[in-house]
Amino acid sequence: RGRVFESKLEKKSRKLLGPLAGKKMIFFIDDLNMPAREVFGAQPPIELLRQVIDSKGLYDLEKLSFKNVKDLVFVGCCAPPGGGRNPMTARLTRHFHMLWQPALSRDSMTTIFEAIFVGFIQTMYPSKDRFAAQIVEASVNVYFNVLTKLLPTPSKSHYTFNLRDLSKIFQGICRD
């Protein structure tokens, strides 16, 4: 389990791992809450990460010894629980500074995209501007349907729909 983690670090001494001399390394963990839970609720990748942060190292299961790590900073991100994502444990989150970006409401999305799209339609196709609000409303509705019906799971986590997908629809339409 820890082999991928260890492969990114340099061996500084027999029992010490870290980045190149004089450097610090940032480990970015995307979708931190995606690992599937075991029968008893544990998430082995999360527990390994927590052990490295808590104990400043990890156990080598082949040599049955502890390897220390230094000069590492961990940054993680995750989406709210649901659709294959699990709640984060306090044992792990206590090591991170938490930032929360609330999702835009349906009304906010409609207002933003309507302002952009209406401006484009009035400039390029003035006779069609009466359809702009309907196109935006339909696009936002499709987006929210996709969000609720095409949820990621641990076995199919290849894509998560987000606001960027909705904006690409309007970018495509607004091309000259």
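**A walk from a buried loop to a helix face**

Let's start with Asn 33, which sits in the loop between β3 (25–29) and α2 (44–55). Keep in mind as you look around that this is a predicted model. Is Asn 33 buried or exposed? With a relative accessible area of 1%, Asn 33 counts as buried, because the cut-off for that label is under 20%. Its side chain has a polar partner, too: the side chain of Asn 33 reaches the backbone oxygen of Ala 79 at 2.8 Å. Ala 79 has company around that loop residue. Setting aside neighbours within four places in sequence, Asn 33 is in contact with Gln 43, Cys 78, Ala 79, Pro 80, Pro 81, Gly 84, Arg 85, Asn 86 and Met 88.

Now follow the chain on to α2 and the sheet. Helix α2 lies across β4 and β5, and runs at about 120° to β4. Those two strands belong to an open sheet of four, with the order β1-β2-β5-β4 and mixed pairing. At the edges you'll find β1 (10–13) and β4 (57–60), each of which pairs on one side only. From one strand to the next, the twist averages 35°. Further into the sheet, β2 (residues 16–18) and β5 (residues 65–69) run parallel and are joined by two bridges. If you want a landmark there, Leu 16 stands opposite Asn 68 in β5.

Asn 68 turns up again when you look at Gly 57, a residue of strand β4. Leaving out neighbours within four places in sequence, Gly 57 is in contact with Gln 51, Val 52, Phe 66, Lys 67, Asn 68 and Val 69. Gly 57 is buried, with a relative accessible area of 0%. For a sense of distance, try Gly 41: the C-alpha atoms of Gly 57 and Gly 41 are 23 Å apart, with their positions 16 residues apart along the chain.

Last stop, helix α5 (residues 132–149). Its 18 residues reach 26 Å from the first C-alpha to the last, close to the 26 Å expected at 1.5 Å a residue. Which residues of α5 are buried? They are Ala 132, Val 136, Ser 139, Val 140, Tyr 143 and Phe 144. Looking down the axis of α5, you see these buried residues fall within an arc of 130°, so they line one face of the helix. That buried set packs against α4 (106–124) and α6 (163–173). Turn to the face of α5 that points away from the buried side, and you meet the exposed residues Gln 134, Thr 148 and Lys 149.

Conventions:
Residues are numbered from 1 along each chain as its sequence is written. This is a predicted model: local features need pLDDT of at least 70, side-chain atom pairs count only at pLDDT 80 or more; totals for chains, interfaces and linings use all residues. Side-chain values use heavy atoms; hydrogens and water are left out. The expected span of a helix is 1.5 Å times one less than its number of residues. Buried means under 20% relative accessible area, exposed over 50%, partly exposed in between (1.4 Å probe, protein chains only). The arc is that of the directions from the helix axis to the C-beta atoms. Contact means heavy atoms within 4.5 Å. A polar contact is a pair of N or O atoms within 3.5 Å; within protein, one must be able to donate a hydrogen and the other to accept it, and residues adjacent in sequence count only if both atoms are side-chain atoms. Two strands pair if DSSP finds at least two bridges between them. Axes are lines fitted to C-alpha atoms, for helices over the stretch in contact, and angles run from 0 to 180 degrees between N-to-C directions.
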